[in-house]
Amino acid sequence: MNWIILTAIVAGFGMYNFLVKLASGKFSSIVILMIVSGTALVFSAITSLMLKLSGQDLSFSKTSIHLPVLAGLAYGLALFLYSGLLTKGLSVSVGSPITNSGTMLVATMLGVIFLKEPVTGIKILGLILTISGIFFLSK
């Protein structure tokens, strides 16, 4: 596991949550969704161009295109709802940990159920602690 990259990802998502909270006082949820999604599209286009110019293959399976499309729809809905809650006064210090922890729970359950990922005692303990954290943060 590459902890440096994971740390950068965590820092990026942390900044994302913080910046969406700051923007929530200045824009509506749909405007935040459009700006974030548009910025991500530009970033993706530039990154794709750089990868293509470096010789990487960017081909994809047309039979599986629905998977990233569904992921984009799920992300768009989640961002719209999350920024709406932040606009209505949800604290980022509460909303971000709860949504991130809940995301971890859902992803773990989907991985175990559909991808047959292993369930270990330590993973179960981590999930129990996560649920406890969500409970205490929501108080």
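**Exercise 1. Divide the residues lining the largest pocket into nonpolar, polar and charged, and describe where the lining comes from.**

Solution. The model is predicted.

Step 1. Sorted by class, the lining of the largest pocket holds 10 nonpolar residues, four polar ones and no charged ones.

Step 2. The lining has 14 residues, and those nearest the pocket centre are Y75, A78, L79, T99 and T103.

Step 3. Two or more lining residues come from each of α1, α3 and α4, the last spanning 92-114. The element that gives the most is α3, with eight residues.

Step 4. The space in this pocket amounts to about 490 Å³.

**Exercise 2. State the overall make-up of the protein chain and how confident the prediction is.**

Solution.

Step 1. Counting secondary structure gives five helices and zero strands. In sequence order the pattern is α-α-α-α-α.

Step 2. Along the principal axes, the C-alpha atoms fill a box of roughly 50 × 45 × 30 Å.

Step 3. The chain has 139 residues, and 14% of them are buried.

Step 4. Take the contacts with a separation of 6 or more: 71% of these join residues 24 or more positions apart.

Step 5. The average pLDDT of the chain is 92, and 100% of the residues score at least 70. Confidence is highest in α2, with a mean of 96, and lowest in α5, with a mean of 90.

**Exercise 3. Identify the residues of the largest nonpolar core and the helices that supply them.**

Solution.

Step 1. The core consists of seven residues: V20, A23, I32, L33, L79, Y82 and L86.

Step 2. At least two of the core residues come from each of α1 (3-24), α2 (29-53) and α3 (66-87). The largest share, three residues, belongs to α3.

Step 3. For the surroundings of one member, take I32 and leave out residues up to four places away in sequence. I32 then touches V20, A23, S24, F27 and S83.

Step 4. As background, nonpolar side chains tend to be buried together in soluble globular proteins.

Step 5. Compare with the pocket: L79 belongs to this core, and L79 is also among the residues nearest the centre of the largest pocket.

**Exercise 4. Classify T130, S64 and L19 as buried, partly exposed or exposed.**

Solution. The cut-offs needed are under 20% relative accessible area for buried and over 50% for exposed, with partly exposed in between.

Step 1. T130 sits in helix α5, residues 121-137. Its relative accessibility is 11%, so T130 is buried. Apart from neighbours within four places in sequence, T130 is in contact with S101, M104 and L105.

Step 2. S64 belongs to the loop between α2 and α3. Because its relative accessibility is 32%, S64 counts as partly exposed.

Step 3. L19 is part of helix α1. Its value of 45% relative accessibility makes L19 partly exposed.

**Exercise 5. Give the separation in sequence and in space for the pairs S64 and V20, and L19 and V92.**

Solution.

Step 1. S64 and V20 are 44 residues apart along the chain, and their C-alpha atoms are separated by 31 Å.

Step 2. L19 and V92 are 73 residues apart in sequence, with a C-alpha to C-alpha distance of 9.6 Å.

Methods
Residues numbered from 1 in each chain as written. Predicted model: local features only at pLDDT ≥ 70, side-chain atom pairs only at ≥ 80, totals over all residues. Heavy atoms only, no water. Core = buried A, V, L, I, M, F, W, Y, C linked by side-chain atoms within 4.5 Å. Buried < 20%, exposed > 50% of the residue type's maximum accessible area, 1.4 Å probe, protein only. Helix = DSSP H or I, 4+ residues; strand = E, 2+ residues; numbered from the N terminus. Contact = heavy atoms within 4.5 Å. 1 Å grid on protein atoms, 1.4 Å probe; cavity = no way out; pocket = protein on both sides within 12 Å on 5 of 7 lines; lining within 4 Å. Points joined across faces, edges and corners; volume = space filled by probe spheres on them. Nonpolar A, V, L, I, M, F, W, Y, C, P; charged D, E, K, R; others polar. pLDDT = per-residue confidence, 0-100.
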